[in-house]
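Work through the exercises below with the sequence and the 3D structure at hand. Try each task before reading its solution.

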Amino acid sequence: MVPHPIFVMNAETSRYYIDNLYTQDNAKCYQALNFVKNSIMGSNKQKGIVIANGILPRLLQVLPDQTKTPDIRLETVVILGSLAKGSEDQVKALVDANVVTYIFNAFLMDDEPKFIEACLRCICTILQYPFSDYSVVFSDAAIIRKLIKTIEDSISNSICAMSILSYSCRTTAHQNILWEEGIGLILANLLNTEVDDLSIATLKCFARVCQDNPMISAALEETEYNGETISDVLDSMRGGDRPTSMRLAASKCITCLYRAGAINVNDYKVMYGTLPTLVRLCQNDQKWEHRVEAAEILAVIIEDDAELQYLASISNHLLQTLAEFVNYPTHPLGEYGGTYGEHRSKEMKQAAFKVFASLGANDEEIRKRIIETDNLIDHIVLGLKDPSPKVQLAAVRCLHSLSRSVQQLRTTFQDHSVWKPLMTLLEGASDEILSVTSSTLCNLLLEFSPSKEPILESGAIELFCSLTKREDHSLRLNGIWALMNMAFQAEQKIKSQILSTLGTDQIFNLLSDSHINILMKTLGLLRNLLSTKPHIDYIMNLCGGDIIQAVMMILEGDHLPEVKEQALCILANIADGDIAKDYIMRNNEILKKIQEYMTNCNAKLQAAAIFCVSNLVWKEDSGAADRQAKLKEMGIFKLLQQLITTSDSLLFDKVKTALTQFSDS
């Protein structure tokens, strides 16, 4: 059907109607709006002309103007809704103009049913884009209350309101707000309606509300609907007689309940219901969008459980199916070609990488099967170089999972020089990609990895030292973890470079970090730096006073036993040096601290302290007699004699070893 020429926007007509948008004559204003509405309907070109002519700001002026008739204001929202169905760039123009905020303000001031529906439809259309500003939804409690109230108005409003809430519910605070406003009962009542679109919208909102929220998930699971638990209702919606979109949405809800602890992993709905459903929906007889969504949910449900990973790996030829994802053609023939075909290919790849990452999280045999799947490692390396951050992130997560394999680190990772694209990926990466990439490199820096040496030669020390100063604690952890791995059994020049680049001030900062993992890895770094006699003496000569001060800070602080044990082990390493011993022997405070921990109620701390004593008085070391005399004078020898009666076998061995080092014992 050819559009009537009267409704085509061009230079002559546009000026006339644009001018009439500003008139105070409501009849002319409505006529102008009606013309604009008809001209842009179904035509992105006409929508572009409207936006280019600067009509958008005028529409946003008309929207809240109470001097305009209801018909004018309704027509304005309808136009905005039509523009929202245009191209991505046209929607970005609406987002940049804060259209959603303007419409919500109008939405709060008006209760006319057609106007409310038009507002909801427009907002719903815009918020489906990832670049839209969803934060406005939770910026005002009145918006949430009215959205929930409109759910009762009509099926259309219910679908739109549920969709808006699911797009915008992103944080625990958002979830709790919705819960306090009574969303739980509404979700239960609308889950299994006769209208599929409403059921699907409700399922999607349900997943958002309970995702990673144990409290809400538990409360929802305890809710009954017609005598059934919510999870039983969800399971029935996952059945093969339901539309695929509904099966996926229901599977995601069950996944969220399980991951939040509301359903046990052994529950049939998880292990023998949702899991096989998701594997089945990955098969090539499904639409590509559904296959991608099924794979992404599958990656989440199996991520933390070895049994689910094993079951998935042997179900319905999953690995071969995922290989099809990875090999999905970038430019298929016919309707799948061009940019859209490339988009499909990227989505399929990243979804497969996510599942591979989850499958290989625990089992070495599964990792081996993954690596042997159709040259997967080549595809992963290519994924690291993909311009799409989404593909990059999924690829590096897959590598991170596979890098837990000692065998793969020694063979496949080395054969493909995987460390090179990983190091390149660190340059200018987002914090999310940086976190997973640096974590993967930590594994490649383990002592048995052939990649360790070339990574060190490529400037990794400076890079990981800089990570320890980042605000994100996961980046600080990866930075210090990598340095700890680098220092293990390293040459003296590597240890010296780590120490000089990191600096003692930063070591003190890390030892004061509120995250215990960072503290433990920093102590681990010091232990690795202070290993082998020549290295111990060299490092202590560089900054022995600072290291003793750092250890003392830990021993005197309010720390867990495992933390203090690491500090005592550092002292034991120092005591093993030839010259380094003097840093302990000259410091009466540290000697008294060692003596204090010899009688600690924690046997491991006692053993670590006694190990320090053994190294200090080792009879074969030069000057041992003088050190033995001093420790005897302090009462440490007598204390050892008292401890020999211990019933703890580990402690007994340490005490016996220490006593035998004293010359007259």
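The exercises cover aromatic rings, single residues, backbone angles and a domain contact.

This is a predicted model, in which local features need pLDDT of at least 70, side-chain atom pairs count only at pLDDT 80 or more, and totals for chains, interfaces and linings use all residues. Residues are numbered from 1 along each chain as its sequence is written, and side-chain values use heavy atoms, with hydrogens and water left out.

**Exercise 1. Aromatic pairs**

Task: Find how Phe104 and Phe107 are arranged, and classify the pair Tyr129 and Phe131.

Solution.
Step 1. Rings of Phe, Tyr and Trp (its six-membered ring) pair if their centres lie within 6.5 Å; planes under 30 degrees apart are stacked, over 60 edge-to-face, and the rest tilted. A search of the whole structure gives three aromatic pairs.
Step 2. One of them is Phe104 with Phe107, at 5.9 Å centre to centre and 75° between the planes, which is edge-to-face.
Step 3. Both residues belong to helix H7 (residues 99–109), and because they are three residues apart there, about one helical turn separates them. Helices (H or I, at least four residues) and strands (E, at least two) are DSSP runs, numbered from the N terminus.
Step 4. Phe104 and Phe107 are both buried; buried means under 20% relative accessible area, exposed over 50%, and partly exposed in between (1.4 Å probe, protein chains only).
Step 5. For Tyr129 and Phe131 the ring centres are 5.2 Å apart and the planes stand at 35°, so this pair is tilted. Tyr129 has a relative accessible area of 19% and is buried, whereas Phe131, at 27%, is partly exposed.

**Exercise 2. Charges over rings**

Task: Which ring face does Arg73 lie over, and which does Arg586 lie over?

Solution.
Step 1. The test asks for NZ of Lys or CZ of Arg within 6 Å of the ring centre and within 35 degrees of the ring normal.
Step 2. Arg73 lies over the face of Phe115, at 4.8 Å from the ring centre.
Step 3. Arg586 lies over the face of Tyr583, at 5.2 Å from the ring centre.

**Exercise 3. Two polar side chains**

Task: Describe the surroundings of Ser403 and of His290.

Solution.
Step 1. Ser403 sits in the loop between helix H24 (389–402) and helix H25 (406–410). Its relative accessibility is 1%, so Ser403 counts as buried.
Step 2. A polar contact is a pair of N or O atoms within 3.5 Å; within protein, one must be able to donate a hydrogen and the other to accept it, and residues adjacent in sequence count only if both atoms are side-chain atoms. The side chains of Ser403 and Asn443 make one at 2.8 Å.
Step 3. Contact means heavy atoms within 4.5 Å. Neighbours within four places in sequence aside, Ser403 touches Leu409, Phe413, Thr440, Asn443 and Leu444.
Step 4. His290 is in helix H18 (residues 288–301) and is buried, with a relative accessible area of 14%.
Step 5. The side chain of His290 has a polar contact of 3.4 Å with that of Ser245. With neighbours within four places again left aside, Thr244, Ser245, Leu248 and Leu281 are in contact with His290.

**Exercise 4. Positive phi**

Task: Where is Asn226 found, and where is Gln489 placed?

Solution.
Step 1. Asn226 is in the loop between strand E1 (224–225) and strand E2 (228–229). Its phi is near 55°, a positive value in a residue other than glycine, and Asn226 is exposed at 68% relative accessible area.
Step 2. Gln489 is in the loop between helix H31 (473–487) and H32. The phi of Gln489 is near 50°, also positive in a residue other than glycine, and at 63% relative accessibility Gln489 is exposed.

**Exercise 5. Two domains**

Task: What area is buried between domain 1 and domain 2?

Solution.
Step 1. An automatic or database domain assignment sets the bounds: domain 1 (405–529) and domain 2 (557–664).
Step 2. Their C-alpha centres lie 32 Å apart. Six residues from domain 1 and nine residues from domain 2 take part in the contact.
Step 3. Buried area is the accessible area (1.4 Å probe) that two parts lose on being put together, summed over both. Here it is about 730 Å², with 74% from carbon and sulfur atoms.
Step 4. In domain 1, Met520, Leu523 and Arg527 lose the most area to domain 2, together 68% of what that side buries.
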